[in-house]
Amino acid sequence: MQKCPGATLFALVITTGIATWVVSLIISNAAKLIIDENGETSWILRFIFTILGYTTVFLPCYVLIHLSQRHNLHTLGGCQWRLLRLILTGTTSEIVAETDITPTGRLSNTNVQTLYQKALSLFYCCAGLQVSYLLWGILQEKIMTREYTDGDKIERFTDSQFLVFVNRILAFLFSGIYLLLTHQNVHRTPLYKYSFCSVSNTLSSWCQYEALKFVSFPTQVLAKSAKVIPVMLMGKLVSRAQYKNYEYTTAVLISVGMTAFLLGSGGDKKGNNVTTVSGAVLLCGYLIFDSFTANWQSALFKEHKPSSIQMMCGVNLMSCLFTSASLIQQGGFFYSLSFAARHPIFIMDCLLTAISSASGQLFIFATISKFGPVVFTIIMTVRQGLSILLSCLLYQHHLSHMGILGVFIVFLAIFLRMYYAQQHRKRKLEASEISESKV
């Protein structure tokens, strides 16, 4: 170590945290003077508060990581530096054997399954995904759009951040228990690298919950189906990715279907009030943040090769840290707990939402590992269609003929995209086999 003792490092991190918190308070009070807390654009104020809350964690952590790497503090011996080593290298071991790369889940794949066993396994995965995410969709719409009654008092829950926190902490517990009970690869991903996709992941969920205050649930589901468009745009701009003609065609079809659906939803009794500019901006925010999350996680998988459950655990751990700090700063815990005390049914709704979300993530891992991404995408596409149908039945959303046509076009485009992608992979595989046979 050069000239940065642990006490000095600790003092610098604490000072940065306090300074960031003071500055965030000043900015928050200034924002309150500009933006009406009870107006339609109040979500902007809540978004600013959320970002400031994340900053009070992010900046001190940046100082800690930067100075620790500069002075090689994570290489020091002693148990007091193990946490720092975990943050910077992804493991508490000082030396990690490069040969320890035992693939996770290979043991189960060595057993030859019968057709009946495969069908039964597929049924369990499909049923688990459908039940988990259909329940999750219904409950999130109920929590964000329905009124809770307490005698003569009627009110709605407004803190999206608390719902994100509950979902993330339960997902962290689920994945952590799974890691303890199963054998995994040696973890090599620095914890701080999870923070970037963690922030984008929590913000995408926040936008998703906030959007339900302005747009109907079917609109949100269709918008989520169209996230392939911003993913392609980001890939084109950032990675200079090349796409096939069928990918451009299906992207255009999805855009046409979304336009038809939105125009066809105008006759909804909530249409003019709900489908607003704020809702559209929040949905765009969801798509952008979610696209970044997918690209960042893909980069982590390529660079450090964590298992899906390790990724799930790491991202949710960082999400718990960010959301809890933001809730403490905003007083969100006090508001949410007092709301829960007035409406006990809200506690059950929150728990069921979190359980369904966490179990759904585990079913995602199981489905992709056993049957691949194509089968998973088909199951989730069917789930989205069922979500729209259930939402319309339970919450009386009106869909005109044009809206129904829009839904059909979007799902047709998704299935066409999967079909042509599968055909392209098959032709590529056949071509490689032919070239190998010639050699």
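Is Glu 155 buried or exposed, and what is its relative accessible area? Glu 155 is buried, with a relative accessible area of 16%, where buried denotes a relative accessible area under 20%, exposed one over 50%, and partly exposed anything in between (1.4 Å probe, protein chains only). The structure described here is a predicted model, in which local features need pLDDT of at least 70 and side-chain atom pairs count only at pLDDT 80 or more, while totals for chains, interfaces and linings use all residues. Residues are numbered from 1 along each chain as its sequence is written, and side-chain values use heavy atoms, with hydrogens and water left out.

The secondary structure of the protein chain comprises 16 helices and 2 strands, these being DSSP runs numbered from the N terminus (helices H or I of at least four residues, strands E of at least two). Of the 439 residues in the protein chain, 45% are buried. Among contacts with a separation of 6 or more, 83% are made by residues 24 or more positions apart, a contact being defined by heavy atoms within 4.5 Å. The protein chain exposes about 23,100 Å², of which carbon and sulfur atoms supply 68%; accessible areas come from the Shrake-Rupley method with a 1.4 Å probe, and for residues only the protein chains shown count as cover.

The structure holds 5 salt bridges, each defined as a side-chain nitrogen of Lys or Arg within 4 Å of a carboxyl oxygen of Asp or Glu. One of them joins Asp 349 to Lys 142, with the closest N and O atoms 3.2 Å apart. This pair links distant parts of the chain, since Asp 349 belongs to helix 15 (residues 344-395) and Lys 142 to helix 5 (residues 115-145), 207 residues apart. Asp 349 is buried, at a relative accessible area of 3%, whereas Lys 142 is partly exposed at 27%. In another salt bridge, the side chains of Glu 155 and Arg 342 meet at 2.8 Å, N to O. Here too the pair links distant parts of the chain, with Glu 155 in strand 2 (residues 153-155) and Arg 342 in helix 14 (residues 332-342), 187 residues apart. While Glu 155 is buried, Arg 342 counts as partly exposed, at 27% relative accessibility.

A salt bridge also forms between Glu 210 and Lys 213, whose closest N and O atoms are 3.0 Å apart, and both residues are linked with Arg 46 in a network of salt bridges. Glu 210 is buried, with a relative accessible area of 0%, and Lys 213 is partly exposed at 25%.

Aromatic side chains were examined next. A pair of aromatic rings is described by the distance of the centres and the angle of the planes. Rings of Phe, Tyr and Trp (its six-membered ring) pair if their centres lie within 6.5 Å, and planes under 30 degrees apart count as stacked, over 60 as edge-to-face and the rest as tilted. A search of the whole structure finds 20 aromatic pairs. Phe 196 and Trp 296 form a tilted pair, at 4.9 Å centre to centre with 50 degrees between the planes. Phe 196 lies in helix 7 (residues 191-211) and Trp 296 in helix 12, so the pair ties together parts that are 100 residues apart in sequence. Both rings belong to partly exposed residues, at 31% relative accessibility for Phe 196 and 27% for Trp 296. Trp 296 also pairs with Phe 292, in a stacked arrangement of 5.8 Å centre to centre and 25 degrees between the planes. These two residues lie 4 residues apart in helix 12, about one turn of the helix, and Phe 292 is partly exposed at 31%. In addition, one aromatic cluster is formed by Tyr 148, Phe 157, Phe 162, Phe 165, Phe 333, Tyr 335, Phe 339 and Phe 346.

Helix 1 (residues 6-34) contains Leu 25, which is partly exposed at 33% relative accessible area. Leu 25 contributes to a nonpolar surface patch of about 680 Å², together with Phe 10, Ile 14, Ile 18, Trp 21, Val 22 and Ile 26. Patches are made of residues with over 30% relative accessible area and no salt bridge, like charges being joined within 9 Å and nonpolar side chains (Val, Leu, Ile, Met, Phe, Trp, Tyr) within 5 Å. Ser 28, also placed in helix 1, is buried at 8% and touches Phe 49 and Leu 52, not counting residues up to four places away in sequence.
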